[in-house]
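Biologist: I would like a close look at one part of this model, the cysteines. Keep it brisk, and then set that part in its surroundings.

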Amino acid sequence: DKDIRMDFRGGCEVIHRSEILKHIPDLETFRNFVRSRHSVRKFTDKIISVDVIQDIIRYALYYPSACNRQPCKVYYSQDSKKISEMLKFCDNFITREGTIQNCFIVTSDRSLFHKSELNDQEFLNAGIFLAYLVMSIHAHGLGSCLFQTLQGNAKRQRDIHESFGIRDSEIIACFVGFGELEENIITACAQRRPVESIAINLDTK
């Protein structure tokens with residue numbers, strides 16, 4: 001269905017509460033959806049269609065961003081040589097664990113922020129976008145894994161920009177390998193910290 005919000009360039013609109021609530025899944029469906037997403041490093045050899053890739057990104061774009069600047073961009077490749085080049089820049093990719101047939105590079109454009117705002121806003125916005133992106137990948141029935149690159153390594157950052165034609169104003173936030181899930185998946189048993197250790201009630205202090 002055509003999203004009527006795409007007709008709006010700016011300003012405000014009024015949305016009735018019922019229009020929001022009717023699209024919210026029941027809590028158990030949401031809980032299962034969130035819990036069923038895992039970091040996956042090995043996929044089938046299937047090349048994901050451009051239509052699916054664009055749909056993944058289209059709905060990730062609903063992430064909240066500072067003043068609606070939407071600084072993030074997504075570069076993608078399905079060329080094995082380019083992907084191998086991408087993965088050379090990743091610090092937590094272990095080649096022997098599997099193959100990547102589809103890969104994103106997520107960037108965030110510093111030029112969209114005033115100098116007084118450049119207090120890691122570009123990284124904050126990229127982090128929020130990445131959360132939406134991997135959940136959008138998951139919603140399309142695909143797997144994904146985030147691969148980081150050293151932000152403090154200026155030479156490596158320059159090499160990435162030059163290798164893939166990325167503007168100097170864009171910071172390299174993350175690489176994302178994604179693809180079709182295999183029938184049986186090996187993934188880390190990532191136990192979560194107890195919510196009691198995370199949620200701090202300031203009213204009791």
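Biologist: Which cysteine sulfur is closest to the sulfur of Cys103, and how far away is it?

Modeller: It is the sulfur of Cys90, at 6.4 Å from that of Cys103. That is too far for a bond. A disulfide is a covalent bond between the sulfur atoms of two cysteines. The cut-off here is a pair of cysteine sulfur atoms within 2.5 Å. A search of the whole structure gives zero disulfides.

Cys103 is buried, at 0% relative accessibility. Cys72 is also in the buried class, with a relative accessible area of 10%. The classes are as follows: buried is under 20% relative accessible area, exposed is over 50%, and partly exposed lies in between (1.4 Å probe, protein chains only).

A word on the basis. This is a predicted model, with residues numbered from 1 along each chain as its sequence is written, and side-chain values use heavy atoms, leaving out hydrogens and water. Local features need pLDDT of at least 70 and side-chain atom pairs count only at pLDDT 80 or more, while totals for chains, interfaces and linings use all residues.

The protein chain has an average pLDDT of 88 (the predictor's confidence in each residue, from 0 to 100). At least 70 is reached by 90% of the residues. Residues 1-5 fall below 50, and this stretch has five contacts in the model beyond near neighbours in sequence. A contact means heavy atoms within 4.5 Å.

Now the fold. The protein chain holds six helices and four strands. Helices (H or I, at least four residues) and strands (E, at least two) are DSSP runs, numbered from the N terminus. Their order from the N terminus is α-α-α-β-α-β-α-β-α-β. Of the contacts with a separation of 6 or more, 81% join residues 24 or more positions apart. Of the 205 residues, 32% are buried. The chain exposes about 14,000 Å², with 53% of that supplied by carbon and sulfur atoms. Areas come from the Shrake-Rupley method with a 1.4 Å probe; for residues, only the protein chains shown count as cover.

With no disulfides found, turn to the charged pairs. The whole structure has nine salt bridges. Each needs a side-chain nitrogen of Lys or Arg within 4 Å of a carboxyl oxygen of Asp or Glu. In one of them, Lys155 meets Asp159, with the closest N and O atoms 2.9 Å apart. Both residues sit in helix H6 (residues 154-164), four residues apart, about one turn of the helix. Asp159 is partly exposed, at 24% relative accessible area. Elsewhere, salt bridges with shared partners link Glu28, Arg31 and Arg35 into one network.

Two further pairs are worth listing. Glu85 bridges to Lys88 at 3.7 Å, N to O. Glu85 is partly exposed at 29%, and Lys88 is exposed at 62%. Lys22 pairs with Glu19 at 3.3 Å, N to O. Lys22 is exposed at 54%; Glu19 is partly exposed at 38%.

Last, a nonpolar surface patch. Its members are Ile15, Ile20, Leu21 and Ile24, with about 360 Å² of accessible area together. Patch residues have over 30% relative accessible area and no salt bridge; like charges are joined within 9 Å, and nonpolar side chains (Val, Leu, Ile, Met, Phe, Trp, Tyr) within 5 Å. Leu21 belongs to helix H1 (residues 17-21). Leu21 is partly exposed, with 49% relative accessible area.
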